[in-house]
Amino acid sequence: MKVLPALTVSLLFAAVASAGRSAPSTGMPFYGDPPDAHHPWAVHDQNRPQPKRVEPGTFSTPEQPGQPPSDAIVLFDGTTASLTNWEADTKAGEPSAPTKWVVNDGALECVPKSGYIRTKDEFGDIQLHVEWAAPKNVKGDSQGRGNSGIFLLGLKGTADGPEVQVLDNYDNATYADGFAASVYGTNPPFANALRPPGTFQVIDIVFRRPVYRDGKPIDAGYVTVFCNGVLMQDHTPLEGRGGHMKRTFAGEFPEKGHLKLQDHGNPVRFRNIWLRPLPARTVEGGTNGYLDAAATTAKRKEIAATVRADAAHLTGTAQLLRLAESLVYESDAATAARVTQLGAAYAADLKKLSGAVLDAKKDEAKSVQRAWQYLAKWNFVSADYAPKSALDAVIKAQGWDAEKK
Ligand code: MG
């Protein structure tokens, strides 16, 4: 990490504070490399929104479920009331019906032969947390032992995945692409990190659906899975919905679907089920990361407008600097002309001062000079930009440029 010299920071904060603006929490204008054709923000951009605050939850132990983070959508919290978030997985077009799964000792338990269950709500891209326990009383083998499944973006009344497999593989071999934490029928997990049957396993999933535009794939869609904190799937590309015996192929998904849990004939128990919808990817309008040229231009225009609107509430040097800052995001003739006018006036007014009154302006003048240097370095203004040359002359005449930083 590189930081501004302390003196420079104090100078800039002084300039900002003296003009009546509240100091930004981090980063400074005219500092990191500016926006480019694929990045609407400067490096270390002070205008970039702060991440939203989320109060973290607590981790689970085998004995005790943890607390979800503050922004989680809780789908099952151990109460019978939260069972109302779920319903039987009736076929599309059929009336909805309550699930026959039961809440038993704080867990949501599959009643064999009662059918899959699904969330009443539909979700798209999610971070998903699920805990499950296979029956302590071990019965069956291979796919017949403690089998259930977590179906992502599921369709009503079908057995189509993608399914993150739930299976008691603690001491139970099966085909690898049907192992616990596999993307069923597509990709085995990296490892077997299961706890013994009867003990709760913690599954964390990051799911991104495939994105198509005009029938063409622009993002394959991915599944990342952790089991008991151990990585199982690392951004595994989706190859369709996977499934039993059949090879499936990449294709379009709806924007949203149901989260489903499988009835595979075993009384598997679930607890502490929650999810967090994920922010949009750049291909869906997100503005973090590497953007295409059109999206970058649009976002830079939007940021520039915001900065100019902010400048309208400012006066004096603060307004000059804020307007100049907007030019980094978008070239605008009227704003450029105004910046030149204010910049020329600033240097001219400074030149009229002397003695202690002029000395008191030193920090501010150097912050403006730094802005001009940045804008010239990145060709937002010319190297011989008149307001810059005039200010440089005043600073040089005072010997301020020769002082140690
Ligand atoms: Mg299954």
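Visitor: Where does Pro162 lie?
Guide: Start with the labels. Helices (H or I, at least four residues) and strands (E, at least two) are DSSP runs, numbered from the N terminus. Pro162 lies in the loop between β7 (148–154) and β8 (163–166).

Visitor: What kind of model is this?
Guide: Residue numbers run from 1 along each chain, as its sequence is written. Local features need pLDDT of at least 70, side-chain atom pairs count only at pLDDT 80 or more, and totals for chains, interfaces and linings use all residues, for this is a predicted model.

Visitor: What is omega for the bond that joins Gly161 and Pro162?
Guide: That peptide bond is cis. Its omega is about 10°.

Visitor: How far apart in space are His244 and Gly161?
Guide: His244 is in the loop between β13 (230–237) and β14 (257–261). In sequence, His244 and Gly161 are 83 residues apart. In space, C-alpha to C-alpha, they are 9.7 Å apart.

Visitor: Is His244 buried or exposed?
Guide: Count C-beta atoms, placed from the backbone: 20 or more others within 10 Å means buried, 12 or fewer means exposed, and in between means partly exposed. His244 has 11 others within 10 Å, so His244 is exposed.

Visitor: How many other C-beta atoms lie within 10 Å of Ser142?
Guide: Ser142 is in the loop between β6 (126–133) and β7. Its phi is positive, about 45°, although Ser142 is not a glycine. Ser142 is partly exposed, and the count is 13.

Visitor: Is Ala181 buried or exposed?
Guide: Ala181 sits in the loop between β8 and β9 (201–208). Ala181 is not glycine, yet its phi is positive, near 75°. It has 30 other C-beta atoms within 10 Å, so Ala181 is buried.

Visitor: Which residues does Leu167 touch, not counting those up to four places away in sequence?
Guide: Leu167 is in the loop between β8 and β9. It has 27 C-beta neighbours inside 10 Å, so Leu167 counts as buried. Contact means that two C-beta atoms, placed from the backbone, lie within 7 Å. Leu167 touches Gln143, Arg145, Gly146, Asn147, Thr174, Phe179 and Ala180.

Visitor: How far apart in space are Leu167 and Leu314?
Guide: In sequence, Leu167 and Leu314 are 147 residues apart. In space, C-alpha to C-alpha, they are 63 Å apart.

Visitor: At what angle do helix α2 and α3 pack?
Guide: Two packed helices are described by the angle and the distance between their axes. Axes are lines fitted to C-alpha atoms, for helices over the stretch in contact; angles run from 0 to 180 degrees between N-to-C directions. The axes of α2 (residues 293–311) and α3 are 8 Å apart, and the angle is about 170°.

Visitor: What does that make α2 relative to α3?
Guide: Angles under 35 degrees count as roughly parallel, over 145 as roughly antiparallel, 65 to 115 as roughly perpendicular, and the rest as oblique. So α2 and α3 are roughly antiparallel.

Visitor: How many residues of α3 are buried?
Guide: α3 is mostly covered. Its buried residues include Leu320, Leu321 and Leu323. The count is nine of eleven.

Visitor: At what angle do the axes of α3 and α6 cross?
Guide: The axes of α3 (residues 316–326) and α6 come within 11 Å. The crossing angle is roughly 15°.

Visitor: Which residues of α6 does α3 meet?
Guide: On the α3 side are Thr317, Leu321 and Ala324. In α6 they meet Glu364, Val368, Ala371 and Leu375.

Visitor: What span is expected for helix α7?
Guide: α7 (residues 386–398) has 13 residues. The expected span is 1.5 Å times one less than the number of residues. α7 reaches 19 Å from first C-alpha to last, close to the expected 18 Å.

Visitor: Within what arc do the buried residues of α7 fall?
Guide: The buried residues are Pro387, Lys388, Leu391, Val394 and Ile395. They line one face of the helix, because seen down the axis they fall within an arc, taken from the directions from helix axis to C-beta atoms. That arc is 130°.

Visitor: Which exposed residues does the face of α7 turned away from its buried side carry?
Guide: What covers the buried residues includes α4 (333–352) and α6 (362–377). The face turned away carries Lys396 and Ala397.

Visitor: At what angle do the axes of α4 and α7 cross?
Guide: These axes come within 8 Å. They cross at roughly 20°.
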